[in-house]
Amino acid sequence: MKLGKVEFCHFLQILALFLCLSGMNQAELSRSRSKPYFQSGRTRTKRSWVWNQFFVLEEYMGTDPLYVGKLHSDVDKGDGSIKYILSGEGASSIFIIDENTGDIHATKRLDREEQAYYTLRAQALDRLTNKPVEPESEFVIKIQDINDNEPKFLDGPYTAGVPEMSPVGTSVVQVTATDADDPTYGNSARVVYSILQGQPYFSVEPKTGVIKTALPNMDREAKDQYLLVIQAKDMVGQNGGLSGTTSVTVTLTDVNDNPPRFPRRSYQYNVPESLPVASVVARIKAADADVGPNAEMEYKIVDGDGLGVFKISVDKDTQEGIITIQKELDFEAKTSYTLRIEAANMHIDPRFLSLGPFSDMTTVKIIVEDVDEPPVFTSRLYSMVVSEAAKVGTIIGTVAAHDPDASNSPVR
């Protein structure tokens with residue numbers, strides 16, 4: 001019969017256990033000194049039977065009952081006068097005893113992860129009188145572990161974040177797999193971790209399950225999320241071990257590693273001279289690939305002939321620079337203004353100053369457009385005197401008005 005890797009591993013475990021315990025189950029009854037036991041007027045100074053812990057391999061797949069061990073009393077001369085009885089956990093339902101020979105068998109498949117041991121009591125009785133010939137004794141049947149449980153990530157799948165541009169070896173998150181097998185026996189519950197998906201960007205510590213960065217200068221602006229697959233394998237990772245996997249989604253969090261930059265070196269806007277004070281003239285924005293606080297910036301007019309006529313503020317939601325009028329415009333007085341404007345990040349990370357400067361400059365030219373204004377009288381009030389006897393057509397006086405526009409159009 002051909003055996004697979006897992007079946008062959010189980011066979012070796014069973015064989016090793018059998019060799020280890022072969023002497024134990026043949027000498028289940030060790031002799032020891034005890035207090036005198038009184039029975040029917042007789043004094044016995046020697047306790048004739050006492051046994052140690054029995055072992056039974058879990059997940060036995062055979063068709064016949066599994067032999068556990070043998071109980072025997074020195075009083076038993078083999079003539080059938082002694083019978084053995086069993087009580088306690090699993091007696092009759094799981095464990096049966098041959099009342100003539102004392103042989104104990106398990107009748108059901110046992111799972112150490114459901115119950116690791118059973119406590120039972122045994123007694124040897126005189127078959128005719130049904131009276132004990134030995135004191136009732138307690139013993140334990142321990143279920144011996146085999147590697148029948150794969151490691152499981154009970155807290156998976158995982159999500160984690162790590163700052164972009166982190167140095168190699170930066171810890172990201174720790175994953176933990178549990179194995180229901182016996183941690184005190186063999187390597188069935190000793191797991192090692194490995195990364196199946198996510199190289200070369202990340203690595204995992206084989207013993208601890210700590211995931212770390214494995215490449216320098218990982219840029220969030222190039223790729224902001226990675227999906228990792230982590231494996232835990234028992235038997236210390238050896239062939240034949242069982243394994244389980246989990247996924248880890250790692251997100252690169254932003255750092256301020258991108259300076260603001262204006263898309264253009266200069267801008268030009270036309271505005272009518274009639275635009276009211278506090279009106280918005282233009283919106284400009286420096287591009288910043290960072291997000292959140294790392295993309296926040298401030299704008300200021302650093303030079304130009306528009307100082308005092310215009311001001312700039314920032315829109316907190318869009319991070320745009322908003323240019324507004326502070327004084328009335330007059331085309332006839334000045335037809336254009338030039339502003340030198342700077343945009344700078346508000347939160348600078350000293351680690352990335354070499355990528356700077358974290359500010360940029362642009363030029364904004366504002367052209368004032370002429371608006372056709374109404375004629376203006378030379379005086380707001382004229383005073384004239386006329387005689388009541390004046391004839392029709394008599395000239396009383398003269399009013400005068402002119403066009404304030406540069407064109408100085410005739411007035412009618």
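The backbone oxygen of Ser266 lies 3.4 Å from a polar atom of the Arg264 side chain, a polar contact in the sense of a pair of N or O atoms within 3.5 Å, where within protein one must be able to donate a hydrogen and the other to accept it, and residues adjacent in sequence count only if both atoms are side-chain atoms. The model is predicted, so local features need pLDDT of at least 70 and side-chain atom pairs count only at pLDDT 80 or more, while totals for chains, interfaces and linings use all residues. Residues are numbered from 1 along each chain as its sequence is written, and side-chain values use heavy atoms, with hydrogens and water left out.

Arg264 belongs to the loop between E18 and strand E19 (266–272); strands (E, at least two residues) are DSSP runs, numbered from the N terminus. With a relative accessible area of 47%, Arg264 is partly exposed, a class that falls between buried (under 20%) and exposed (over 50%), for a 1.4 Å probe and protein chains only. Its C-alpha atom is separated by 9.9 Å from that of Ile284, 20 residues apart along the chain.

The loop between E18 and E19 also contains Phe262, which forms a ring pair with Tyr299 in strand E21 (residues 297–304), 37 residues apart. Rings of Phe, Tyr and Trp (its six-membered ring) pair if their centres lie within 6.5 Å; planes under 30 degrees apart count as stacked, over 60 as edge-to-face and the rest as tilted. The centres of Phe262 and Tyr299 are 6.3 Å apart and the planes stand at 55 degrees, so this pair is tilted. Both Phe262 and Tyr299 are buried. By contrast, the rings of Phe310 and Tyr337, with centres 5.3 Å apart and planes at 75 degrees, are edge-to-face. This pair joins strand E22 (residues 310–314) to strand E24 across 27 residues, and Phe310 and Tyr337 are likewise buried. The charged end of Lys334 sits over the ring of Tyr337, 5.4 Å from its centre; the criterion is NZ of Lys or CZ of Arg within 6 Å of the ring centre and within 35 degrees of the ring normal. The count of aromatic pairs comes to eight.

Strand E24 (residues 336–345) runs antiparallel to E25 and is joined to it by nine bridges, two strands being paired if DSSP finds at least two bridges between them. Within this pairing, Arg340 stands opposite Thr363. E25 also pairs with E19, in the parallel sense over seven bridges, and there Asn270 stands opposite Ile367. In a regular strand the side chains alternate between the two faces of the sheet. Along E25 (residues 359–369), Asp360, Thr362, Val364, Ile366 and Val368 point to one face and are buried, whereas Ser359, Met361, Thr363, Lys365, Ile367 and Glu369 point to the other and are not.

On the other side of the Arg264 loop in sequence, E18 takes part in an open sheet of four strands with mixed pairing, in the order E12-E18-E17-E14. Its edge strands, E12 (158–163) and E14 (192–197), each pair on one side only. Neighbouring strands are turned by 35 degrees against each other on average, direction ignored; the axes are lines fitted to C-alpha atoms, and angles run from 0 to 180 degrees between N-to-C directions. E17 (residues 225–233) and E18 (residues 243–253) pair antiparallel over nine bridges, with Leu228 opposite Val248.
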